[in-house]
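User: I would like to go through this structure step by step, with the reasoning given before each result. Please keep to what can be computed from the atoms.

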Number of protein chains: 2
Amino acid sequence: MDKVYQYQIENKQRYLDELFDLLRIPSISADSSYKNEIINCAKSISRNLNESGFENVEICETQGNPIIYGDKIISSDLPTVLIYGHYDVQPADPINLWETDPFDPVIKVSGIHPEGAIYARGSADDKGQFFMHVKAIESLIKTNSLPCNVKLIIEGEEEIGSVNLGNFLKENLSKLSCDIILISDTHILSNQVPTVTTGLRGLSYVEVEVEGPNRDLHSGLYGGAVPNPIHVLCDMIASLIDEDGKIRVKGFYDRVKELSSEDRSELNKLPFNEIEFKNSIGLKGIQGEKGYTSLERISIRPTLDVNGIWGGYTGEGAKTVIPSKAHAKISMRLVPDQNPEEITELFTKHFLSIAPKNVQVTVTPHHGGNAYVLPSSNPGYIAAKLAMEKTFNKEVLPYRTGGSIPIVSLFEELLGAKSVLMGFGLDSDAIHSPNEHYGIYNFYKGIETIPYFLNYYTENFKNK
Amino acid sequence: MDKVYQYQIENKQRYLDELFDLLRIPSISADSSYKNEIINCAKSISRNLNESGFENVEICETQGNPIIYGDKIISSDLPTVLIYGHYDVQPADPINLWETDPFDPVIKVSGIHPEGAIYARGSADDKGQFFMHVKAIESLIKTNSLPCNVKLIIEGEEEIGSVNLGNFLKENLSKLSCDIILISDTHILSNQVPTVTTGLRGLSYVEVEVEGPNRDLHSGLYGGAVPNPIHVLCDMIASLIDEDGKIRVKGFYDRVKELSSEDRSELNKLPFNEIEFKNSIGLKGIQGEKGYTSLERISIRPTLDVNGIWGGYTGEGAKTVIPSKAHAKISMRLVPDQNPEEITELFTKHFLSIAPKNVQVTVTPHHGGNAYVLPSSNPGYIAAKLAMEKTFNKEVLPYRTGGSIPIVSLFEELLGAKSVLMGFGLDSDAIHSPNEHYGIYNFYKGIETIPYFLNYYTENFKNK
């Protein structure tokens, strides 16, 4: 592996420059006005794949944003690893809270990143992470060291629920056939405590609307005699979680399995400092579901959060209006065995059932996704653990995290392959937030680690 | 009065054209980016006053938007009527719900307005209404029929709490001395049931902010373990009103006087059809404080309404964020004897007291105003009643309304004069809402009625 690492060292600066070029493209999928940037980003990646030595590179059209494909097939006797990533990013707002332009990457040094971190939307989620694979495989191809077959797909709709990925998979089952899927879109606990993500929460995401009067009203002339949709929405939201932090949606917990006390105590062995956790986000106090630790609350327990709310006058100054409508975006994080469609249905039923008779309430589902667990006996997990232990020189722990990557269950269902979530980000990367960043150390560590994964996985495969 | 009315008839179209010119100026006071339009509007009005025969016309600078002054003084033996209006308007948003451009007035015929209504922001509130006075007095001056002294002030900050009017009054006490103040900034019950507004609710308006984590968080990685500011705000808002529709702010009702059962039954004699009320705003059901009729709820009872709420992601699609902050604008309508400053203090104290310990809550007061009552024995009320009975040819009833015009108590305090609220709008004019409009019938009826008011008031004054 020395020549591979040597190649990586020699091309270090170019790797970073190429990533910066990608980060400069505001490929926001949630806002259709960025459609052209999505296309630009896809073209840029496909060019890079060709230059990196990938073959059969293709920009595959879908009903939505294109998916980029590339591969390098060596032999049918060798295992095939399918790498997945996404080039679309979250919107940058609230834009005023960014210290630098979200689409003009800069490197800044901090206590946690003495070697610097790249500040830009998408730096950690997921451009900086999928690009590690492109460059790691480049280093293997260019040094004639690739140990197995690799296929790569980079999609452009992960942040809006991978709505067209399922059809793409179905239409390309043989092209995408593989033994294992490798994804870097998660974080490790810290650079001192590297982890492989073995569990992910699922997601149900809905938008709700409460309509009262059929037009905005003057609060002086009507106030007191009509239902105010904002009040009604607040009442309804307030009623969704009880005093113990339990979600009141009927049937919500029916399929939630309690972990054994062994599993819980194993989980709680992970280094997690509640005071540091609290201080890192400037909180005066934590809170959550009664009977569970903070670590459990963000990993093995389902949750409900309002992600956005709006209604009435929100501009400068004072406007005495009773709005016709109020809205909220509400998402639920799910644990294994909870079915997103079923939860969305249960939520909808519950939310409509608590609506007062004199308003009109509608619930519109957005995307969802199943929760996921990777057993520690899986060869992919073992290869990831060995690879990270090699490059970090630390014991690697399994980690169940709160985020959702809905596509992992889609892969399992359609391609019949498990996904290994070997991410290199940190919890503090501020993904989905202003000032998202990705450590330079983590970027290069990922590029260094990925070849080891492919080697360990291939070795194990041959020994079977 | 024949020649006055004759003059009005002859100049009918010009009156309307001049009003249209005023309505084309987006003089929005709540948004400082419209400052130039405010100045344009003030200049336009001052030109019109000069052309109409007013004297000593002046654009008076204040710390904020200018106030326009004009007068016509005949004799110190005659009474002086001070007319007040405002040329600033509410913001036009939500702009997409306007059927036509809010600042390009058009006339549309409807069931309630067979003679047509002027659709534009400010048509009823208050450009269309103060302009009736300008044109009525023009008709009196040009026909040498003005029976008394008139002074006129048109301000540009009514929609943001008349923040600089108090100082202007204090600095111009003798210039503004008068016997009665006449204001058209209210509505009548209907063109068949003309009313004079004899009571107004006061106002306390605050903005609240709930801050949880010091940055936006990924709801997957943090959801379940941290306080979500939107939830907290919803909980707090939900707790402000109890199941009986009573406001839970401690001390809120302490100064609220119950009306006698005679006064209540007199009030409830006003024609008010609950089903029509409900249908006119497309509501499936009304609601409000237990033990009171809808008419009482919107007139003699204090209320609390959320006028705006915002926080988190409110754009297209789905973003899984736990926002750092959530905000709301909350206003309370007050009845006589409730003091706005005291209520703002009580609200602030209460709101902070119900805030969970792990979030930071701030309350910022906006403007406020006292409630007001005009006794039916007041000569101004009598003159208004007689004038409207003359031109509408219907019995005129006193009416207590829910809106607030904070300046009437300021006038009483500083100028020692009562205000007569002789408005000509309709409840259905959609003021502060999309598609605000003002009946052509009402506009001309106002111009016809105002000279009668001045005559009746002067006659009564002479007989004293």
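The questions below take up the interface between the chains, then a strand of chain B, then salt bridges and single residues.

User: How many residues does the contact take from chain A and from chain B, and what is the area buried between them?

Analyst: The structure is a predicted model. The contact takes 91 residues from chain A and 91 residues from chain B. Carbon and sulfur atoms give 53% of the area buried between the two chains, and that area is about 7600 Å².

User: Which three residues supply more of the area that chain A buries against chain B than any other three?

Analyst: The area buried between chain A and chain B is about 7600 Å². Of the part that chain A buries against chain B, 9% is supplied by the three residues in question, which are Leu221(A), Ile281(A) and Lys319(A).

User: What is the count of salt bridges between chain A and chain B, and how many residue pairs are in polar contact across their interface?

Analyst: For salt bridges, the count between chain A and chain B is zero. Polar contacts are found across this interface, where both residues of a pair have pLDDT 80 or more, and the number of such residue pairs is 47.

User: Which strand gives the largest share of the side of chain A that touches chain B, and with which strand of chain B does it pair?

Analyst: By class, the side of chain A that touches chain B has 35 nonpolar, 38 polar and 18 charged residues. The largest share of that side, ten residues, comes from strand E12 of chain A, residues 303-312. Within the pairing across the chains, Ile309(A) stands opposite Gly311(B). The two strands run in the antiparallel sense over five bridges, and the partner of E12(A) is strand E12 of chain B, residues 303-312.

User: Why is strand E2 of chain B described as largely enclosed by the rest of the structure?

Analyst: Both faces of E2(B) are covered, with Ile67(B), Tyr69(B) and Asp71(B) buried on one side and Ile68(B), Gly70(B) and Lys72(B) buried on the other. The strand spans residues 67-72 and is largely enclosed because the number of its residues that are buried is six of the six.

User: Which strands of chain B pair with E2(B)?

Analyst: Strand E1, residues 55-60, pairs with E2(B) in the antiparallel sense over four bridges, with Cys60(B) opposite Ile67(B). These two strands form a hairpin with six residues between them. On strand E6, residues 149-155, Lys151(B) stands opposite Asp71(B) of E2(B). E6(B) also runs antiparallel to E2(B), joined by five bridges, and the strands asked for are therefore E1(B) and E6(B).

User: Which residue forms a salt bridge with Glu138(A), and is that partner buried or partly exposed?

Analyst: Glu138(A) is itself buried, with a relative accessible area of 2%. The closest N and O atoms of its salt bridge with Arg14(A) are 2.5 Å apart, and the pair links helix H4 (residues 127-142) to helix H2 (residues 12-23) of chain A, 124 residues apart. Both residues belong to a network of salt bridges that also includes Glu18(A) and Lys135(A). The partner is Arg14(A), which at 30% relative accessibility counts as partly exposed.

User: Which parts of chain B does the salt bridge between Glu207(B) and Lys329(B) tie together?

Analyst: The side chains of Glu207(B) and Lys329(B) meet at 2.9 Å, N to O. Because Glu207(B) lies in one strand and Lys329(B) in another, the pair ties together parts 122 residues apart in sequence, namely strand E10 (residues 202-211) and strand E14 (residues 325-334).

User: Is Lys329(B) buried or partly exposed, and which of these words applies to Lys325(B)?

Analyst: Lys329(B) has a relative accessible area of 1%, under the 20% cut-off, so Lys329(B) is buried. Lys325(B) forms a salt bridge with Glu209(B), the closest N and O atoms being 3.9 Å apart. With a relative accessible area of 34%, Lys325(B) is partly exposed.

User: Where is Asn378(B) found, and which residues is it in contact with beyond its neighbours within four places in sequence?

Analyst: Asn378(B) is found in the loop between strand E16 (372-373) and helix H12 (379-392) of chain B. At 12% relative accessibility, Asn378(B) counts as buried. Leaving aside neighbours within four places in sequence, the residues in contact with Asn378(B) are Ile180(B) and Lys418(B).

How values were computed:
Residues are numbered from 1 along each chain as its sequence is written. Chains are lettered from A and ligands numbered from 1 in the order in which they are written. This is a predicted model: local features need pLDDT of at least 70, side-chain atom pairs count only at pLDDT 80 or more; totals for chains, interfaces and linings use all residues. Side-chain values use heavy atoms; hydrogens and water are left out. Contact means heavy atoms within 4.5 Å. Buried area is the accessible area (1.4 Å probe) that two parts lose on being put together, summed over both. A salt bridge is a side-chain nitrogen of Lys or Arg within 4 Å of a carboxyl oxygen of Asp or Glu. A polar contact is a pair of N or O atoms within 3.5 Å; within protein, one must be able to donate a hydrogen and the other to accept it, and residues adjacent in sequence count only if both atoms are side-chain atoms. Ala, Val, Leu, Ile, Met, Phe, Trp, Tyr, Cys and Pro count as nonpolar, Asp, Glu, Lys and Arg as charged, and the others, Gly among them, as polar. Two strands pair if DSSP finds at least two bridges between them. Buried means under 20% relative accessible area, exposed over 50%, partly exposed in between (1.4 Å probe, protein chains only).
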